[in-house]
Amino acid sequence: GESTLTIMVVISLDNVHRRLHSGSYVQRGAALQTLKSVTGGEPLLEEVFARLSDQHPDVRRTAVEMLLHIGERGELAKRCQDSDHEVQFSAVEALPQLAEKGDIGALTAASQALR
């Protein structure tokens with residue numbers, strides 16, 4: 001019943017946590033994708049923010065997608081300056097979806113990425 005479901009959720013989250021810290025960028029990215037089904041919360045934010053500094057651009061790009069998913073505009077604007085152009089593009093593409101009309105900070109972040 002309910003206790004079995006709780007145990008399964010804990011085991012699943014433990015598996016996601018292990019994959020987030022995997023040596024494989026494919027596993028780290030897949031774990032972030034799995035977290036999309038989880039509603040906000042501090043542990044989720046911590047993991048997403050940690051992946052923004054990942055050495056592999058695919059993982060950083062997935063983290064940018066997660067920022068859009070959880071509505072984190074401030075960190076998304078910072079990713080417009082990522083060292084990888086595809087990560088920058090993902091951030092610039094996502095930013096207008098969270099920015100309010102006339103948001104100078106979002107416009108500045110996006111325009112600086114286009115230089």
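What follows is a dialogue on reading the helices, the core and a few single residues of a predicted model.

Visitor: Where should I begin, and what does the secondary structure of the protein chain come to?

Guide: Begin with the elements and their order: in this predicted model the protein chain has 7 helices and 0 strands, and read along the sequence it follows the pattern α-α-α-α-α-α-α. Buried residues make up 36% of its 115 residues, and among contacts between residues at least 6 apart in sequence, 47% join residues at least 24 apart.

Visitor: How do I read one helix, and which residues of helix H2 are buried?

Guide: The general idea is that an α-helix has 3.6 residues a turn, so residues three or four places apart point the same way. In H2, which spans residues 25-35, the buried residues are Arg28, Gly29, Ala31, Leu32 and Leu35. They cover an arc of only 160° around the axis, which puts them on the same side of H2.

Visitor: Which residues touch the most other members of the largest nonpolar core?

Guide: In soluble globular proteins, nonpolar side chains tend to be buried together. Here the largest nonpolar core holds 23 residues, and those touching the most other members are Leu32, Leu35, Val48, Leu76 and Leu95. Helices H1 (2-20), H2, H3 (42-51), H4 (57-70), H5 (73-78), H6 (85-98) and H7 (104-113) each supply at least two residues of this core. To follow one member outward, take Val48, which touches Leu32, Ala63, Met66 and Leu67 when residues up to four places away in sequence are not counted.

Visitor: How are two packed helices described, and at what angle do H2 and H4 pack?

Guide: One reads the angle together with the separation of the axes: H2 and H4 pack at about 10°, with their axes 9 Å apart, and they are therefore roughly parallel to each other. On the H2 side the contact is made by Tyr25, Arg28, Gly29, Leu32, Gln33 and Leu35, and on the H4 side by Asp58, Val59, Thr62, Ala63, Glu65 and Met66. By type, the residues of this contact divide into 6 nonpolar, 3 polar and 3 charged.

Visitor: What angle and axis separation describe the packing of H4 and H6?

Guide: The angle is about 0° and the axes of H4 and H6 lie 9 Å apart, which makes H4 roughly parallel to H6. Pro57, Arg60, Arg61, Val64, Leu67 and Leu68 in H4 meet Glu86, Val87, Ser90, Ala91, Ala94, Gln97 and Leu98 in H6, and the residues of this contact divide into 8 nonpolar, 2 polar and 3 charged.

Visitor: Is Leu68 in that contact buried or partly exposed, and which residues does Leu68 touch?

Guide: Leu68, in helix H4, counts as partly exposed because its relative accessibility is 25%, whereas buried means under 20%. Not counting residues up to four places away in sequence, Leu68 touches Ala94, Gln97 and Leu98. Leu68 and Ala94 are 26 residues apart in sequence and 6.3 Å apart in space, C-alpha to C-alpha.

Visitor: Where is Arg79 found, and why does Arg79 count as buried?

Guide: Arg79 is found in the loop between H5 and H6, and it counts as buried because its relative accessible area is 17%. Leaving out residues up to four places away in sequence, Arg79 touches Leu52, Val64, Leu67, Val87, Gln88 and Ala91. Of these, Gln88 is found in helix H6 and counts as buried at 12% relative accessibility. Gln88 and Pro57 are 31 residues apart in sequence and 10.0 Å apart in space, C-alpha to C-alpha.

Terms used. Residues are numbered from 1 along each chain as its sequence is written. This is a predicted model: local features need pLDDT of at least 70, side-chain atom pairs count only at pLDDT 80 or more; totals for chains, interfaces and linings use all residues. Side-chain values use heavy atoms; hydrogens and water are left out. Buried means under 20% relative accessible area, exposed over 50%, partly exposed in between (1.4 Å probe, protein chains only). Helices (H or I, at least four residues) and strands (E, at least two) are DSSP runs, numbered from the N terminus. The arc is that of the directions from the helix axis to the C-beta atoms. A nonpolar core is a set of buried Ala, Val, Leu, Ile, Met, Phe, Trp, Tyr and Cys residues joined through side-chain atoms within 4.5 Å. Contact means heavy atoms within 4.5 Å. Axes are lines fitted to C-alpha atoms, for helices over the stretch in contact, and angles run from 0 to 180 degrees between N-to-C directions. Angles under 35 degrees count as roughly parallel, over 145 as roughly antiparallel, 65 to 115 as roughly perpendicular and the rest as oblique. Ala, Val, Leu, Ile, Met, Phe, Trp, Tyr, Cys and Pro count as nonpolar, Asp, Glu, Lys and Arg as charged, and the others, Gly among them, as polar.
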